[in-house]
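Grab a pencil and work through these exercises with the model open beside you. Try each task before you read its solution.

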Amino acid sequence: MAILLIAEYDTQTLSDQAAKALSAASKIGADVDVLVAGNGARAAADAAAKLAGVRKVLLAEAAELEYRLAEPLAATIVSLAGGYDTAIAPATTFGKT
């Protein structure tokens, strides 16, 4: 089962919640890809790549993703969703915006 995990990060730092969501995703299936979407998010993507259990990291960088607003982020997720059985995001304020 392929899982897309939408990572939460604060500018350059990957959130602790991303690792917790990864742990939950790993219990569902072994193939977990992490999406880091934003602008200038390379450091967060590099941190995600170091987490145990990550198959690959997808870095989506664009000016419209800088503030991680719902519409551009949703469009990015939808464009990738066809290759995944499920998508997971941390249950934080990030996941509720």
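The exercises below go from the whole chain to its strands and then to single residues, all in a predicted model.

**Exercise 1. The overall build**

Task: Work out how many helices and strands the chain has, and in what order the elements run.

Solution:
- Start with the tally: you should find 4 helices and 6 strands.
- Now walk along from the N terminus, and the order reads β-β-β-α-β-α-β-α-β-α.
- Next, check how compact that is. The radius of gyration comes to 12 Å, close to the 13 Å that the globule rule gives for 97 residues, so the chain is as compact as a globular protein of that length.
- For the outer dimensions, the C-alpha trace spans about 30 × 25 × 20 Å along its principal axes.

**Exercise 2. Inside and outside**

Task: Find what share of the 97 residues is buried, then describe the surface and the charges.

Solution:
- Buried residues make up 41% of the chain.
- Turn to the contacts with a separation of 6 or more: 65% of them link residues 24 or more positions apart.
- The exposed area is about 5300 Å², and carbon and sulfur atoms supply 54% of it.
- Last, count the charged side chains: there are 8 positive and 11 negative ones, and the centres of the two sets lie 7 Å apart.

**Exercise 3. Who pairs with β4?**

Task: Name the strands that pair with β4, and say whether the sense is parallel or antiparallel.

Solution:
- Take β1 (residues 2–6) to begin with: it pairs with β4 in the parallel sense, over 5 bridges.
- To find the register, look at I3, which sits opposite V32 of β4. L4 likewise faces D33 of β4.
- Then move to β5 (residues 54–61). This strand and β4 also pair in the parallel sense, over 7 bridges, and here V36 has L59 as its bridge partner.
- With β1 and β5 both paired to it, how enclosed is β4? Of its 8 residues (31–38), 7 are buried, so β4 is largely enclosed by the rest of the structure.

**Exercise 4. The two faces of β1**

Task: Decide whether the faces of β1 are covered or open, and find its pairing with β6.

Solution:
- Recall the rule for a regular strand: side chains alternate between the two faces of the sheet.
- Sort the residues of β1 by side: A2, L4 and I6 go on one, I3 and L5 on the other.
- Now check burial. All of these are buried, which leaves both faces covered; put as a count, 5 of the 5 residues in β1 are buried.
- For the remaining pairing, β1 and β6 (residues 86–88) run parallel over 3 bridges, with A87 in β6 as the bridge partner of L4.

**Exercise 5. L35, a residue in β4**

Task: Place L35, classify it as buried or exposed, and list what it touches.

Solution:
- L35 belongs to strand β4.
- Its relative accessibility is 1%, and the limit for buried is under 20%, so L35 counts as buried.
- Skip residues up to four places away in sequence and read off the contacts: L4, L5, I6, A7, L58, A60, T76, I77 and L80.
- One of those is T76. L35 and T76 are 41 residues apart along the chain, with 9.5 Å between their C-alpha atoms.

**Exercise 6. Three loop residues**

Task: Locate A41, S15 and R68, and work out how buried each one is.

Solution:
- A41 lies in the loop between β4 and α2 (42–49). Its relative accessible area is 0%, so A41 is buried. Beyond residues up to four places away, A41 touches Y9, V36, L59 and E61.
- S15 lies in the loop between β3 (13–14) and α1 (16–28). At 18% relative accessibility S15 counts as buried, and past its neighbours within four places it contacts E8 and Y9.
- R68 lies in the loop between β5 and α3 (70–81). Its relative accessible area is 19%, which again means buried.
- One more thing to spot at R68: phi is near 50°, a positive value in a residue other than glycine.

Terms used
Residues are numbered from 1 along each chain as its sequence is written. This is a predicted model: local features need pLDDT of at least 70, side-chain atom pairs count only at pLDDT 80 or more; totals for chains, interfaces and linings use all residues. Side-chain values use heavy atoms; hydrogens and water are left out. The radius of gyration is taken over C-alpha atoms; the globule rule is 2.2 Å times the number of residues to the power 0.38. Buried means under 20% relative accessible area, exposed over 50%, partly exposed in between (1.4 Å probe, protein chains only). Contact means heavy atoms within 4.5 Å. Accessible areas come from the Shrake-Rupley method with a 1.4 Å probe; for residues, only the protein chains shown count as cover. Lys and Arg count as positive and Asp and Glu as negative; His and the chain ends are not counted. The place of a charge is taken as NZ of Lys, CZ of Arg, CG of Asp or CD of Glu. Two strands pair if DSSP finds at least two bridges between them.
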